[in-house]
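Biologist: Got a minute to go through this model with me? I'd like to start with the strands.

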Amino acid sequence: MLTGAGAEKKASCRWLAAALWVVVLAPFATGCRQKPAPLPPLGDVSAPSAAGGLWVRLAWQGPADLDLYVTDPSFETVYFAYTPVRSGGRLVEDARCPGREGKPSVELVTWKSPPEGTYRVGVDYIARCERGAPDRIPFRLVVEADGQRLERRGEAEFERFEPVVLEFRLESDSGVTRLEVEG
């Protein structure tokens with residue numbers, strides 16, 4: 001990690017590169033953007049409805065490492081570096097760069113007995129898996145609980161963490177579970 005003058009020099013170089021892009025290169029780049037990778041088919045993100053509990057899946061296709069973050073009602077967040085959490089949520093599938101060539105990538109967080117309340121789902125495009133990978137990767141997010149399903153599509157931007165891509169509420173009344181999108 002750079003500190004002091006090294007960090008200042010690196011920051012000023014980034015600023016200069018960004019300014020150069022905006023002023024000089026951007027006007028000529030129209031039409032040069034890479035076409036985004038296609039979204040994976042729904043079959044790749046479906047959770048077995050008979051499994052019960054809560055399933056949160058993030059799926060994408062392309063040379064990128066996306067990370068899934070799910071914050072439970074007690075504000076603990078399940079992700080690659082913190083699993084399981086006290087409420088029982090755990091990261092079950094963690095897709096990383098090596099060995100995924102050409103296959104859809106899926107990350108999965110589950111709870112066997114999820115607590116009622118509001119959940120927040122975030123996505124982070126943390127690394128490019130190959131040189132020339134696009135700045136934006138389309139993704140599909142699927143949440144399932146007791147046969148109910150919520151789905152959200154979006155695009156992850158390189159090095160930009162989106163802490164709330166989806167916010168939903170899980171409620172249970174007389175043994176009937178309800179999933180509702182918040183906001």
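**Strands and confidence**

Modeller: Sure. Strands β1 (residues 54-60) and β5 run antiparallel, joined by 7 bridges. Strands here are DSSP runs of E, at least two residues, and helices are H or I runs of at least four, numbered from the N terminus; two strands pair if DSSP finds at least two bridges between them. It's a predicted model, so local features need pLDDT of at least 70, side-chain atom pairs count only at 80 or more, and totals for chains, interfaces and linings use all residues. Numbering runs from 1 along each chain as its sequence is written, and side-chain values use heavy atoms, leaving out hydrogens and water.

Biologist: Which residue stands opposite Glu 107 in β5?

Modeller: Leu 58. β5 also runs antiparallel to β4 (residues 90-93), with 3 bridges, and there Glu 93 stands opposite Leu 108.

Biologist: Is β5 buried or exposed?

Modeller: 7 of the 7 residues in β5 (residues 105-111) are buried (under 20% relative accessible area, 1.4 Å probe, protein chains only), so the strand is largely enclosed by the rest of the structure. Val 106, Leu 108 and Thr 110 point one way, while Ser 105, Glu 107, Val 109 and Trp 111 point the other.

Biologist: What's the strand order in the open sheet?

Modeller: β3-β2-β6-β9-β10, with antiparallel pairing. β3 and β10 (176-181) each have a single partner strand, so one side of each lacks a neighbour in the sheet.

Biologist: And how is the confidence?

Modeller: Mean pLDDT (the predictor's per-residue confidence, 0 to 100) is 79 for the protein chain. Among its elements, helix α1 (residues 5-25) has the lowest mean, 41, and β3 (residues 77-78) the highest, 98.

How values were computed:
Buried means under 20% relative accessible area, exposed over 50%, partly exposed in between (1.4 Å probe, protein chains only).
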